[in-house]
Amino acid sequence: MQTQTWRVDAEEPDAEIIAQSAERLRRGELVAFPTETVYGLGANAQDAGAVARIFAAKGRPSRNPLIVHVPDATAARAIVAEWPDEAERLAERFWPGPLTLVLPRRDTIPDIVTGGGATVGVRVPAHPVALALLRAARIPVAAPSANRSLQISPTRAEHVLHSLGGLIPLILDGGPTSGGLESTVLRLGEGRPQLLRPGLLTPAEIEAVIGPILRPEALTLATDDSPLPAPGMLSRHYAPRAPLELHTNGAARVRTLLQAGRRVGWLTFAASLPADPALLVQRMPTEPAAYSARLYAALHELDAANVEAIVVDIPPHGEDWLAVHDRLQRAATAENSPN
Ligand code: TXA
Ligand code: MG
């Protein structure tokens, strides 16, 4: 299959390009498009055949449910069976934006979208291209990140092309995404709201609106040179090709690897850096939103440069860094997800 890339202005998307892309979605084709977090691979969420093509292109395990993207809260309510007060308040405050709400589903959404489960994840993305596409398509759009399963999510159209070129027909190129990490996934319903995946929206921002939420037990902040929780608690995901290691003192580990003759990538906060042609340095921001925006792009660059090992200086602690720690730990985990 030939993959086409259509450039589209990120602020004022061309109406004709949007109309044609929306028509393709309505017909059951896949369209990759930018959101404010990462690029998504969209399909008509009401068309089980179209959604099956997402799983095939990604090589994604069929039990992993997809997020359904809609243009506003009214459209979200049309696909869920319950709309609790918390959902209303969170939607009011954070949509469009990087928050996915998991709620009991209506049966207009086929099983393949929800992994057969009784709930559906729904979000309103904040990117003008995504919103224009959803408004024009007038259907809910299932869209996982536009990468092969387990790989790093794409923050630029080139990343999508590199991962899924030849496997999908169309990419809308709206330039680099601003957020850089995926949305926060929160389950609402019985009992206390439960954080399922940390993301760009922090727990504190959510709790300021609806009060205390539960965090997954497996979520921890990396604190030393062997920061991985019990095996099986975190599965490998969001991973670059080269093995990735987290270190409090990355400099020492980098020196050891260089002495062993390895090509090394280093995500660091260090001010003074050794000069070595086998060392590729990515200087990282010390503020969590800026770090998030940069992380995947940095890992994609190191992959493209064929480094043999990636050393990452452990970022600061505090829950503002939760999503960054989560993704780094998954990237560092050797075991693949069992599902
Ligand atoms: O920022 C994002 O969320 C991006 C953009 C494209 O919107 N999408 C994204 O999709 O990251 P994906 O498929 O790569 O990740 C979706 C996550 C998975 O961890 C999945 O298990 C969870 O959301 N999820 C989706 N629906 C769910 C449901 N009904 N119940 C529990 N978890 C769900
Ligand atoms: Mg993904």
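Helices (H or I, at least four residues) and strands (E, at least two) are DSSP runs, numbered from the N terminus. The model is predicted, so local features need pLDDT of at least 70 and side-chain atom pairs count only at pLDDT 80 or more, while totals for chains, interfaces and linings use all residues. Residues are numbered from 1 along each chain as its sequence is written, and side-chain values use heavy atoms, with hydrogens and water left out.

**Exercise 1. Place Ala309 in the chain and state whether Ala309 is buried or exposed.**

Step 1. Ala309 belongs to strand β14, which covers residues 309–313.

Step 2. Buried means under 20% relative accessible area, exposed over 50%, and partly exposed in between (1.4 Å probe, protein chains only).

Step 3. Ala309 counts as buried because its relative accessible area is 4%.

Step 4. Between the C-alpha atoms of Ala309 and Pro125 there are 34 Å, and the two residues are 184 residues apart along the chain.

**Exercise 2. Describe the residues that surround ligand 1.**

Step 1. A residue is near a molecule if one of its heavy atoms lies within 4 Å of it. Ligand 1 is surrounded by 22 residues, and Thr37, Asn64, His69, Ser183 and Arg197 are the closest.

Step 2. Ala, Val, Leu, Ile, Met, Phe, Trp, Tyr, Cys and Pro count as nonpolar, Asp, Glu, Lys and Arg as charged, and the others, Gly among them, as polar. The shell around ligand 1 holds 10 nonpolar, eight polar and four charged residues.

Step 3. At least two shell residues come from each of β4 (67–69), β6 (119–123) and β10 (194–197). The largest share, four residues, is supplied by β6.

**Exercise 3. Find polar contacts of ligand 1, that is, pairs of N or O atoms within 3.5 Å.**

Step 1. Asn64 has a polar side-chain atom 2.9 Å from an oxygen atom of ligand 1.

Step 2. For Thr119, a polar side-chain atom lies 3.1 Å from a nitrogen atom of ligand 1.

Step 3. An N or O atom in the side chain of Arg123 is 3.0 Å from an oxygen atom of ligand 1.

Step 4. On its own, ligand 1 has 680 Å² of accessible area (Shrake-Rupley method, 1.4 Å probe), and the protein covers 88% of that 680 Å².

Definitions and conventions: Chains lettered and ligands numbered in written order. Polar contact = N/O pair within 3.5 Å; in protein donor to acceptor, adjacent residues only side chain to side chain.
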